[in-house]
Amino acid sequence: MRHSSGGRPPYARHVTRRQVLGTAAAGALAGPVAAPDARAASAPRVRTGFDRLAESGYALLDGDRIGVVTNPTGVTTDLRHVVDVLHADRRVDLRAVFGPEHGFRGTAQAGGSEPTGTDPATGLPVHDIHGKRGRELADLFVRAGVDTVVFDIQDVGARFYTYVWTLYDCLIATALADLRTVVLDRPNPITGRGAHGPVLERPFASGVGRELVAQAHGMTAAELALLFNAAYVPAAAGRPARLDTVPMSGWRRGDLFADTGLPWVPPSPNIPTPDTALAYAGTCLLEGTTLSEGRGTTRPFELVGAEGIDHRWAAALNALDLPGVRFREAYAVPAFSKFQGRTIGGVQLHVHDPRAFEPVRAGIALLVTAKQLWPGFAWRPDRWIDRLAGTASVRTMTDAGAPVDDIVAAWQPGLEEFRALREEHLLYG
């Protein structure tokens, strides 16, 4: 059994640089540094959790039967997939792969997944776990014959992006089955400087937000795992999970993804670039309306609109003088999703200062101004907006004609509580 470290909850720890690399290797790193060669000069500044685990010879996995929860983003710095790397290494007993929403190979659209099958490259069984949770997921892990579930997926920093809730469900399932979870960390691509936006209220819990987390949480997957395991998993599973986290090296909380030097792999079909991820943390709120959030265009979540919208929307948005962004009048014909094959008018977000840009505030501004200007504005009849925002106040205050600043002010008390909880589980300065 692995023991807790410091003030961490029972069965939870994060693994330090020295523990991953081994005492001798860590000591060597502290000694004189040789002149860099050309390859070293081009190496990414950030080393992911997987990179650091591999440097240790996979010591943390020694003797265990391993299953990996991952997707196309689970790659090394030289773009080899971690499943291929682990499968080829005799030191690792890799037994199974588990695919989240969009699937292990990332081919499925939003809300979909890939069926259970066999990976043709390795011959490993690939299990579809999208939508599975609790005892059902625990039993699947047991049937797969694994002792340790390794999680290695690139998140995008928004509460309603489902991979962090797959992580949450894995923690509960491994706690129920008395298995172990190892989280290999990757950057938050929209920085980890702070938390922003409304915090989920429990009546609005769903697959796009199970627990009380801010819309833009400002945390990495490993940090969220520690938070979930301390605050929420014990109530759901009767005890915390046995959890190890392998942090990155070289990552700073103010880093955008471009600062890391790591290769970007689209984490889902409609997040093609880090720019998309930055906008998505706010513009995904349009999914809860009759407007197009840009699916089916060449710039999903950056180019948004609807039939009948014209230049007045861009003018109204630019008049708000939101930090770090300008809005360009734009038109498109979505190839699928809302308004498929029809011309929509709207705006494209041009983020000229990503460190000043506030995506959640921008998302609220899009809702408020669209309702003011477009007669066709309506919420989805299933009130999906309340699930995305995690609260009914965004919808009700927008309907009441509240300005952007008042809507943002309404969620500040809950946000301050989340920030205090978040602070207890941060791994990076």
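These legends describe close-up views of a predicted model.

**View 1. The whole chain, a predicted model with 17 helices and 13 strands.**
The protein chain has 429 residues, and 58% of them count as buried. Contacts with a separation of 6 or more are counted here by their distance along the sequence. Residues 24 or more positions apart account for 73% of those contacts.

**View 2. Strand β6, residues 148-152, is mostly covered.**
How many of the 5 residues of β6 are buried? The count is 5 of 5. T148, V150 and D152 lie on one side of the strand. V149 and F151 lie on the other. Both faces of β6 are covered.

**View 3. β6 pairs with β2 and with β7.**
Strand β2 covers residues 65-70 and runs parallel to β6. The two are joined by 5 bridges. I66 has T148 of β6 as its bridge partner. Strand β7, residues 180-184, also runs parallel to β6, with 4 bridges between them. Here V149 is matched with T181 of β7. T148 and V149 thus appear in this view as bridge partners, and both are among the buried residues of β6.

**View 4. An open antiparallel sheet of 3 strands, in the order β11-β13-β12.**
Which strands stand at the edges? They are β11 (303-306) and β12 (325-332). Each has a single partner strand, so one side of each is left without a neighbour in the sheet. From one strand to the next, the twist averages 30 degrees.

**View 5. Strand β13, residues 344-351, and its bridges to β12.**
β13 and β12 pair in the antiparallel sense over 8 bridges. R326 is the bridge partner of H350 in β13. V325 stands opposite V351 of β13. Is β13 mostly enclosed or open? Of its 8 residues, 6 are buried, so the strand is largely enclosed by the rest of the structure.

**View 6. The other pairing of β13, with β11.**
This pairing is antiparallel too, and it has 4 bridges. Two glycines face each other here: G305 stands opposite G346 of β13.

**View 7. The largest cavity, with about 70 Å³ of space.**
A search of the whole structure finds 2 cavities of 30 Å³ or more. Which residues line the largest one? The lining consists of T48, T73, V75, Q154, R186, P187, F257, L262, P263, W264 and V265. By class, 7 of these residues are nonpolar, 3 are polar and 1 is charged.

**View 8. The second largest cavity, with a volume of about 30 Å³.**
Its lining is made up of T48, D51, V75, T76, T77, R186, L262 and P263. These residues divide into 3 nonpolar, 3 polar and 2 charged. T48, V75, R186, L262 and P263 also belong to the lining of the largest cavity.

**View 9. The second largest pocket, with a volume of about 490 Å³.**
The pocket is lined by 33 residues. Which of them are closest to the centre? They are E101, A110, G111, T162 and V208. Two elements give two or more residues to the lining: α7 (163-177) and α14 (384-389). The largest share, 3 residues, comes from α7. By class, the lining has 14 nonpolar, 9 polar and 10 charged residues.

**View 10. T191, a residue other than glycine with a positive phi.**
Its phi is near 80 degrees. T191 sits in the loop between β7 and β8 (196-199). Is T191 buried or exposed? Its relative accessible area is 6%. Buried means under 20%, so T191 is buried.

**View 11. D321, another residue with a positive phi, although not a glycine.**
Phi of D321 is about 55 degrees. The residue lies in the loop between α12 (311-319) and β12. Is D321 buried or exposed? Its relative accessibility is 62%. Exposed means over 50%, so D321 counts as exposed. T191, by contrast, is buried.

Terms used:
Residues numbered from 1 in each chain as written. Predicted model: local features only at pLDDT ≥ 70, side-chain atom pairs only at ≥ 80, totals over all residues. Heavy atoms only, no water. 1 Å grid on protein atoms, 1.4 Å probe; cavity = no way out; pocket = protein on both sides within 12 Å on 5 of 7 lines; lining within 4 Å. Points joined across faces, edges and corners; volume = space filled by probe spheres on them. Nonpolar A, V, L, I, M, F, W, Y, C, P; charged D, E, K, R; others polar. Pairing = 2+ DSSP bridges. Axes fitted to C-alpha atoms, helices over the stretch in contact; angles between N-to-C directions. Buried < 20%, exposed > 50% of the residue type's maximum accessible area, 1.4 Å probe, protein only. Contact = heavy atoms within 4.5 Å.
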